[in-house]
Amino acid sequence: QVQLVESGGGLVQPGGSLRLSCAASGNIFRIYVMAWYRQAPGKQRELIARITSAGNTNYAVSAKGRFTISRDNAKNTVFLQMNSLRPEDTAVYSCNADVATLTSATTTYYGQGTQVTVSS
């Protein structure tokens with residue numbers, strides 16, 4: 001079994017920054033793609049950024065130029081640096097990861113999410 005735990009959310013003023021972390025633990029053999037999603041009240045879940053094990057990244061249009069995804073493969077952790085935050089970035093941010101364990105094929109695991117609120 002694999003667990004993903006996010007941290008780093010909170011309340012920030014417009015124009016501020018936050019750095020989210022998502023740590024994977026468990027019976028991990030290898031982690032492939034890791035990604036950050038967000039969901040605001042009344043809106044659909046949105047893919048914000050994804051990163052492969054080789055470090056290749058993709059971003060949503062809303063995140064380009066402001067957010068940076070990175071990962072530490074040795075620590076099984078993915079990060080999301082968010083700068084120039086706007087009120088419309090307010091949402092629950094969650095991570096997921098495609099993980100192969102020692103006893104099962106690659107499966108997508110999901111974190112519980114962390115609240116990010118951008119408000120003055």
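This is a chat about the strands, core and loops of a predicted model.

User: Let's start with the core. Which residues touch the most other members of the largest nonpolar core?

Analyst: Trp 36, Phe 67, Val 78, Leu 80, Met 82 and Tyr 93 do. That core has 30 residues.

User: Which elements give two or more residues to it?

Analyst: They are β1 (2-7), β3 (18-26), β4 (28-39), β5 (46-51), β7 (67-72), β8 (77-82), β9 (91-101) and β11 (114-118).

User: And where does the largest share come from?

Analyst: From β9, which gives five residues.

User: Take Val 78. What does it touch, sequence neighbours aside?

Analyst: Leaving out residues up to four places away, Val 78 touches Leu 20, Ser 21, Cys 22, Met 34, Trp 36, Ile 51, Ile 69, Ser 70, Arg 71 and Cys 95.

User: Arg 71 is on that list. Which residue stands opposite Arg 71 in β8?

Analyst: Val 78 itself. Further along the pair, Phe 67 stands opposite Met 82. β7 and β8 run antiparallel and are joined by six bridges.

User: Which β7 side chains are buried?

Analyst: Phe 67, Ile 69 and Arg 71, which point to one face. Thr 68, Ser 70 and Asp 72 point to the other face and are not buried. The side chains alternate along the strand.

User: What sheet is β7 in, and in what order do the strands come?

Analyst: An open sheet of four strands, β1-β3-β8-β7, with antiparallel pairing. β1 and β7 are the edges. Each has a single partner strand, so one side of each has no neighbour in the sheet. Neighbouring strands are turned by 15° against each other on average, ignoring direction.

User: Pick a residue on the β1 edge. Leu 4, say: buried or exposed?

Analyst: Leu 4, in strand β1, has a relative accessible area of 6%. The cut-off for buried is under 20%, so Leu 4 is buried.

User: What is Leu 4 in contact with, beyond four places in sequence?

Analyst: Cys 22, Ala 23, Ala 24, Cys 95, Asn 96, Ala 97, Tyr 109, Tyr 110, Gly 111 and Gln 112. There is also a long-range pair to note. Leu 4 and Gly 113 are 109 residues apart along the chain, yet their C-alpha atoms are separated by 9.2 Å.

User: Switching to rings. How many aromatic pairs does a search of the whole structure find?

Analyst: Zero.

User: OK, cations then. Which rings have the charged end of an Arg over them?

Analyst: Two examples. The charged end of Arg 19 sits over the ring of Phe 79, 4.0 Å from the ring centre. Arg 45 puts its charged end over the ring of Tyr 37, at 3.8 Å from the centre.

User: How far is Arg 19 from Lys 43?

Analyst: 23 Å, C-alpha to C-alpha, with their positions 24 residues apart in sequence. Lys 43 lies in the loop between β4 and β5. Its relative accessibility is 55%, so Lys 43 counts as exposed.

User: How are β4 and β5 joined?

Analyst: By five bridges, running antiparallel. Met 34 stands opposite Ile 51 in β5. The two strands form a hairpin with six residues between them. Gly 42 in that turn has a positive phi of about 80°.

User: What about β5 and β6?

Analyst: Antiparallel again, with three bridges between β5 and β6 (residues 57-59). Thr 57 in β6 is the bridge partner of Ile 51. This hairpin has five residues between the strands, and Gly 55 takes a positive phi near 95°.

User: Those are glycines. Which residues have a positive phi without being glycine?

Analyst: Asn 76 is one, with phi of about 55°. Ser 84 is another, with phi near 50°.

User: Where do they sit?

Analyst: Asn 76 lies in the loop between β7 and β8, a hairpin with four residues between the strands. Ser 84 is in the loop between β8 and β9.

User: How accessible are they?

Analyst: Asn 76 has 23% relative accessibility, so it counts as partly exposed. Ser 84 is partly exposed as well, with a relative accessible area of 42%.

Technical notes. Residues are numbered from 1 along each chain as its sequence is written. This is a predicted model: local features need pLDDT of at least 70, side-chain atom pairs count only at pLDDT 80 or more; totals for chains, interfaces and linings use all residues. Side-chain values use heavy atoms; hydrogens and water are left out. A nonpolar core is a set of buried Ala, Val, Leu, Ile, Met, Phe, Trp, Tyr and Cys residues joined through side-chain atoms within 4.5 Å. Buried means under 20% relative accessible area, exposed over 50%, partly exposed in between (1.4 Å probe, protein chains only). Contact means heavy atoms within 4.5 Å. Rings of Phe, Tyr and Trp (its six-membered ring) pair if their centres lie within 6.5 Å; planes under 30 degrees apart count as stacked, over 60 as edge-to-face and the rest as tilted. A charge sits over a ring if NZ of Lys or CZ of Arg is within 6 Å of the ring centre and within 35 degrees of the ring normal. Two strands pair if DSSP finds at least two bridges between them. Axes are lines fitted to C-alpha atoms, for helices over the stretch in contact, and angles run from 0 to 180 degrees between N-to-C directions.
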